[in-house]
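I opened this model to look up how its interior is packed. These are my notes, in the order in which I made them.

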Amino acid sequence: MATVLVTGASGFIGSALTLHLESSGWTVVRASRRRPPDSALAWRHYDIAAELEPGFLDGMDVVIHAAYVTSRESAGSLRENVAAAERLVAAARHADARIAFVSSLAAHDAARSSYGRQKRAIERLLEPSRDLAIRRLEELAIDAVHPDRDPLPRHAERAHLVRAGLAPG
């Protein structure tokens, strides 16, 4: 299997994704502000507000961008989230890695919320022919609580995960 880096790996969605990917045979590198408690896990420091270290994505085949700032005021968080995604996309292109961005159903051109507008702005950075905006992760969230269920979404989004190489065909 390939190597995947997950930003926001210490968060609710990111931690569920890392567990699922590892159980599916992926080599997972966690990227977060804090090192995981298990020091044996592959980890890289990632702060959404900071520049990326040179070579941050070296050796990665796929990057799942699940990190997101929600605690700051709207205009500042918009700039911070989009700027972080721009840096990550540029680094992924340089490393020839594909991006899967954890977006939201709230992301659309007429979004009223700052959250939806931010997610949509980040989606626009992606190349549809090689990247993926994942908008429906509710079943993954349920499966983090109910690990006996298959954590892959059972709807049209699954086809996108297969295309991106994130799920078996």
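I began with Tyr 46, which touches Thr 7, Ala 31, Ser 32, Arg 33, Leu 52, Phe 56, His 65, Ala 67, Ala 84 and Leu 88, leaving aside residues up to four places away in sequence; contact here means heavy atoms within 4.5 Å.

Before going further I noted that this is a predicted model, in which local features need pLDDT of at least 70 and side-chain atom pairs count only at pLDDT 80 or more, while totals for chains, interfaces and linings use all residues. Residues are numbered from 1 along each chain as its sequence is written, and side-chain values use heavy atoms, with hydrogens and water left out.

I then looked up the largest nonpolar core (buried Ala, Val, Leu, Ile, Met, Phe, Trp, Tyr and Cys residues joined through side-chain atoms within 4.5 Å; buried means under 20% relative accessible area, with a 1.4 Å probe and protein chains only). This core has 23 residues, of which Leu 5, Tyr 46, Phe 56, Leu 57 and Val 63 touch the most other members. At least two residues each come from strand 2 (27-32), helix 2 (74-95), strand 5 (98-102) and helix 3, and helix 2 gives the most, with six residues. A second, separate core of 13 residues includes Val 6, Leu 17, Ala 100 and Val 102.

For the overall layout I found five helices and six strands, taken as DSSP runs numbered from the N terminus (helices H or I, at least four residues; strands E, at least two). Of the 169 residues of the protein, 47% count as buried.

I turned next to helix 3, where eight of the 10 residues are buried, so the helix is largely enclosed by the rest of the structure. Lys 119 lies in this helix (residues 114-123), and I asked which side chain of opposite charge is nearest to Lys 119. It is Glu 123, 8.1 Å away, and Lys 119 is buried yet has no salt bridge (a side-chain nitrogen of Lys or Arg within 4 Å of a carboxyl oxygen of Asp or Glu). Lys and Arg count as positive and Asp and Glu as negative, while His and the chain ends are not counted. I did find the backbone oxygen of Val 102 at 2.7 Å from a polar atom of the Lys 119 side chain. Beyond four places in sequence, Lys 119 touches Tyr 68, Phe 101, Val 102, Ser 103, Ser 104 and Ala 107.

Definitions and conventions
Buried means under 20% relative accessible area, exposed over 50%, partly exposed in between (1.4 Å probe, protein chains only). A polar contact is a pair of N or O atoms within 3.5 Å; within protein, one must be able to donate a hydrogen and the other to accept it, and residues adjacent in sequence count only if both atoms are side-chain atoms.
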